[in-house]
Amino acid sequence: LEEVELFTSQKAEDVEQFRIKYLGKKGILNDLFQKFKEVPNENKKEFGQLINNLKQSVTQKINFLKENVSDSIQSDIEEDLTRPGLALNLGSRHPINIVKHKIINIFKKIGFSVADGLEIEDDWHNFTALNMSEYHPARDMQDTFFIEKNPDMVLRTHTSSVQIRYMKQNEPPIRILSPGRVYRNEDISSRSHCMFHQIEGLYIDTDVSFADLKQTLQYFTSELFGKSEIRMRPSYFPFTEPSAEVDVYWGLETETDYRITKGTGWLEILGCGMVDPNVLKNVNINPEKYSGFAFGMGIERIVMLMYQIGDIRMFTENDIRMLQQFKYEF
Ligand code: PHE
């Protein structure tokens, strides 16, 4: 006990030696615990107390000394330049961000660039300019978060508003993507959220046809999902005519990315169509001269399909166990 109390050192190595001497497998304390068995019953209590006291003061001593040696460990590191560096604990990118960038990169290759807009929009950019009449059901208070009435200000319900802003300021040819947050006044469940991400695309030029739209989307899905097929179903959007909904079927023979789980059957991934001439007129683009297509998709939905994520709420919970699974994705 006295030896323990007198021991002192600031060197990490010495403290470690000391620890092994007392607490190691063949250390003094283990030895004493062995001997404990042979001690006659009447002395067991006293002997036991002695061992425990010793153990306690050894542990206390080590803890105390360790605090003081930390500085000298640090200076060892600084002096020895050949020592491997300390690993930094890096974060990971969010899956929404990862997939968003995958999509942007695919469209970059065919000349699209990214346009930014506002999350708080006025009525005209979010609805009116997009050919949504005053009584269109999407204007219902149920779907839209209103920030102000008369004049109406809303949280944008889609990023189509970015396309309106861009078309007002730029001449065709136009090839843009508008990724970003959108808001809808919906109940939160595993399938839907009041805030999610969209990525929309717009292409305006002379002689743009529906065939161009289909070919572009076919190229896009095969880049994102690997070998895949698309099918288009007639649909309705106020700002496109004709409009279609696109389903994708993938996991056919080869996959470009083994981490992506195969899809099962036809899965709906986006809405699209030829830009309505009324929309072009609203932004002073001559519909006799120019035509174009637009498409829009929800990023969450695509991430959920690609990585088999069952609940949309996981994207905003920031559970580190979920996020860390994307550490090696770029
Ligand atoms: N803006 C539509 C939506 O929010 C998506 C879309 C974009 C559809 C462009 C067709 C063309 O659902």
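Start by selecting strand S9, which gives the most to the lining of the largest pocket: 6 residues. Keep in mind that you are looking at a predicted model.

**Stop 1: the largest pocket**

With S9 (267-275) still lit up, add the other elements that give two or more residues to this lining. They are helix H7 (160-169), strands S6 (195-205), S7 (228-237), S8 (240-250) and S10 (291-298), and helix H10 (299-307). The space they help to line comes to about 1,000 Å³.

Want to find the middle? Pick Arg184, Phe196, Gln198, Phe237 and Gly298, which are the closest to the centre among the 45 lining residues. Now try colouring the lining by class: you'll get 23 nonpolar, 13 polar and 9 charged residues.

**Stop 2: the second largest pocket**

Leave S6 selected, as it also gives two or more residues to the lining of the second largest pocket. Add helix H5 (95-108), strand S5 (174-183) and helix H11 (314-317), which do so too. The volume here is about 250 Å³.

Which residues should you click to land by the centre of this pocket? Go for Ile96, Asn97, Lys100, Arg181 and His197, the closest to the centre of the 17 that line the pocket. Colour this lining by class as well, and you'll see 5 nonpolar, 6 polar and 6 charged residues.

**Stop 3: a small set of strands**

Next, select strands S2 (120-122) and S3 (146-148), then add S4 (153-155). Together these 3 strands make an open sheet in the order S2-S4-S3, with antiparallel pairing. S2 and S3 are the edge strands, each with a single partner, so one side of each has no neighbour in the sheet. Look along the sheet and you can follow its twist, which averages 35° from one strand to the next.

Zoom in on S3 and S4: 2 bridges join this antiparallel pair. For a closer look, click Glu148, then find Met153 of S4 standing opposite.

**Stop 4: two helices side by side**

Finish with helices H2 (residues 12-23) and H3 (residues 28-36). Their axes are 4 Å apart and meet at an angle of about 5°. Angles under 35 degrees count as roughly parallel, so that is how H2 runs to H3.

Where do they touch? Show the side chains of Lys21, Tyr22 and Leu23 on H2, plus Ile28, Leu29 and Asn30 on H3. This contact has 4 nonpolar residues, 1 polar and 1 charged.

Definitions and conventions
Residues numbered from 1 in each chain as written. Predicted model: local features only at pLDDT ≥ 70, side-chain atom pairs only at ≥ 80, totals over all residues. Heavy atoms only, no water. Pairing = 2+ DSSP bridges. Axes fitted to C-alpha atoms, helices over the stretch in contact; angles between N-to-C directions. Parallel < 35°, antiparallel > 145°, perpendicular 65-115°, else oblique. Contact = heavy atoms within 4.5 Å. Nonpolar A, V, L, I, M, F, W, Y, C, P; charged D, E, K, R; others polar. 1 Å grid on protein atoms, 1.4 Å probe; cavity = no way out; pocket = protein on both sides within 12 Å on 5 of 7 lines; lining within 4 Å. Points joined across faces, edges and corners; volume = space filled by probe spheres on them.
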